[in-house]
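Visitor: Before the terms used for this protein are accepted, I should like to hear the grounds for each of them. Please show me the structure, and I shall put my questions in turn.

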Amino acid sequence: MGRKPDPAKPHYGGGSASPKTARRAQPSPVFLGTALFVLGFVSLFTGHIVTDADWSRIRSRWRSNQVRNTEPIDIWKSRYSNLYYGCSGRSPKLRSAVPENSSTGYLLIATSGGLNQQRIGITDAVVVAWILNATLVVPELDHHSFWKDDSEFSDIFDTDWFISYLSKDVTVVKRIPYEVMISMDKLPWTMRTPRKSMPEFYIDEVLPILMRRRALQLTKFDYRLANDLDEELQKLRCRVNFHALRFKKPIQTLGKKLVRRLRVMSSRYVAIHLRFEPDMLAFSGCYYGGGEKERKELAEIRKRWDTLPDLSAEDERTRGKCPLTPHEIGLMLRAVGFGNETYLYVASGEIYGGEETLRPLRELFPNFYTKEMLAGDDLKPFLPFSSRLAAIDFIVCDESDVFVTNNNGNMAKVLAGRRRYMGHKRTIRPNTRKLNVLFQTWNQTGWDTFSRKVKKIQRGLMGEPDDPRHGRDDFHEMPSSCICQRVPVNRSVSS
């Protein structure tokens, strides 16, 4: 049994229930080491003289990466963030928007899921409209999913801004003109495209139908376009997601008001997307120690998705697929260096287990706030609309100094990508696979040892600009085609 934790440290109560621009500019340490050898080898056999500048450039990058892998981390801000910036301007080579009267037809889009899943669908819809030379009708939001929100696009996003900002790329209209509708022989054709379809699929399979029918609706439109696209199309994605999709003024006003209220209390704060709602836990197939009651409750919720496979809770936890509990998130944050004076904003819906589940996190971070606590009566007009509430959380999380994800879901991906694009504000993604193993024995070791292990586990997942990629690339999380690197000024390198 290890020594007891230092009383001054957090007290552990009982257990609780694509080729991308930026990556080209920042090669991996292994690649750079190999490059040193290869350049010498090539120069020996080809007679090419490697200049001092060549060697210095490679040495500087090698040393920079070596230092970054061992240096202490500033938990609030990366010292390298100012070397990167968002760059998604359109190239003169990219074909301009096709006028409405000469386009291939009207493309209607029915999105799917919650706010951020729909946001991804809207982003891809603009790109598909460009591929098809089509006129895009302002997308229709999902009113029938789990969230049951009847908000329209114009209730959440600034429609006029969306149309105006994209006018050079794609022609967007609010609706199909009446005279066009009455001239059509048949109603718009409806179809669902396969997930992550390539542009060629849309040209070969969708375009002929669009041109024949003059109007076509694509349904359940989420993740229906491939991740890996031409760089100019990736930049178009960024222009849509990070610039054209602007929240309506009432949403922006309240979101920024909550940020100001936090800033009055503290100059900086951490935002957590907790993702510990009953539907999330049921969908994940995980188990959190609540006995037969928990198993029955989550199994009942799980029946909402008739296509989900049977999952082993133990296997899912081993694979790192289970969200951390609020208590575990709190322990991770304290271990990497956030003190109990840190201000926490928690973005979440209904927490499974309620206040009892949140209690250990509140004890670790007494300065604990939610939109309900900060907004008071200002929140009442938004309460019936889950997407508008999610948009308020999105704004407060986006403005935070540090954003912590607890699930690789749509909001986590979109915000992580946006924060990289907007200056690499720190985003922490827990290494759930390794942390789940560590938390099984956390109460058998001293705090210093536990903290050292957490810091080691989290290296590479703290939101540094050159963090390695984990798993399959997701452009919405890693929009590297839209991120450029500044050349450091007055940087001397010894030979």
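Visitor: Which residues is Lys 196 in contact with, leaving aside its neighbours within four places in sequence?

Guide: In this predicted model, Lys 196 is in contact with Tyr 223, Arg 224, Leu 225, Ala 226 and Asn 227. Contact requires heavy atoms within 4.5 Å. Lys 196 itself is placed in the loop between E5 and H8. The C-alpha atoms of Lys 196 and Asp 228 are separated by 9.2 Å, although these positions lie 32 residues apart along the chain.

Visitor: Why is Lys 196 called partly exposed?

Guide: Its relative accessible area is 40%. Buried would require under 20% and exposed over 50%. The value for Lys 196 falls in between, so the residue is partly exposed.

Visitor: What makes Arg 275 a buried residue?

Guide: The relative accessible area of Arg 275 is 16%. The limit for burial is under 20%, so Arg 275 counts as buried. Arg 275 lies in the loop between strand E7 (270-273) and helix H11 (278-284). Not counting residues up to four places away in sequence, Arg 275 touches Met 280, Pro 323, Asn 406 and Asn 407.

Visitor: Why is the pairing of the side chains of Arg 275 and Glu 277 called a polar contact?

Guide: The distance is 2.7 Å. A polar contact needs a donor and an acceptor, each N or O, within 3.5 Å, so this pair qualifies.

Visitor: Is Glu 464 buried or exposed, and how do you know?

Guide: Glu 464 has a relative accessible area of 13%, which is under 20%, so this residue is buried. Its place is in the loop between helix H20 (447-458) and strand E12 (483-485). The side chains of Glu 464 and Arg 426 are joined by a polar contact of 3.0 Å. Arg 426 also appears among the contacts of Glu 464, together with Ile 73, Ser 78, Tyr 80 and Arg 420, once neighbours within four places in sequence are set aside.

Visitor: What makes E4 and E5 the edge strands of their sheet?

Guide: The sheet is open, and its five strands follow the order E4-E3-E2-E6-E5 with parallel pairing. Strand E4 (172-173) and E5 each have a single partner strand, so one side of each is left without a neighbour in the sheet.

Visitor: How do you know that E2 is paired with E6 and with E3?

Guide: Two strands pair if at least two bridges are found between them. Strand E2 (residues 106-109) and E6 pair over four bridges, in the parallel sense, and Leu 108 has Gln 217 as its bridge partner in E6. Two bridges join E2 to strand E3 (residues 135-137), again in parallel, where Tyr 106 has Thr 135 as its partner. On the E5 side, three bridges join strand E5 (residues 189-191) to E6, and Trp 189 is partnered by Leu 216. From E5 the chain passes through helix H8 (residues 199-213) to E6, in a right-handed β-α-β crossover.

Visitor: What makes E2 a strand covered on both faces?

Guide: Tyr 106 and Leu 108 lie on one side, Leu 107 and Ile 109 on the other, and all are buried. From E2 the chain crosses through H4 to E3, and this β-α-β crossover is also right-handed. Strand E6 (residues 215-218) offers a similar picture: Ala 215 and Gln 217 point one way, Leu 216 and Leu 218 the other way, and all are buried.

Visitor: Which residues touch the most other members of the largest nonpolar core?

Guide: They are Phe 162, Leu 218 and Tyr 345, in a core of 70 residues. Helix H4 (residues 115-132) gives the most to this core, with eleven residues. Domain 1 (100-243) and domain 2 (249-485) each supply at least three residues. A second, separate core has 42 residues, including Ile 75, Trp 76, Ala 282 and Ile 351.

Visitor: Which strands stand at the edges of the sheet ordered E9-E8-E7-E10-E11?

Guide: This open sheet of five strands has parallel pairing. Strand E9 (368-369) and strand E11 (426-428) each have a single partner strand, so one side of each lacks a neighbour in the sheet. Within the sheet, four bridges join E7 to strand E8 (residues 344-347), and His 273 stands opposite Ala 347 in E8.

Definitions and conventions
Residues are numbered from 1 along each chain as its sequence is written. This is a predicted model: local features need pLDDT of at least 70, side-chain atom pairs count only at pLDDT 80 or more; totals for chains, interfaces and linings use all residues. Side-chain values use heavy atoms; hydrogens and water are left out. A nonpolar core is a set of buried Ala, Val, Leu, Ile, Met, Phe, Trp, Tyr and Cys residues joined through side-chain atoms within 4.5 Å. Buried means under 20% relative accessible area, exposed over 50%, partly exposed in between (1.4 Å probe, protein chains only). Domain bounds come from an automatic or database domain assignment. A crossover is right-handed if, with the strands pointing away from the viewer, the path from the first strand over the helix to the second runs clockwise.
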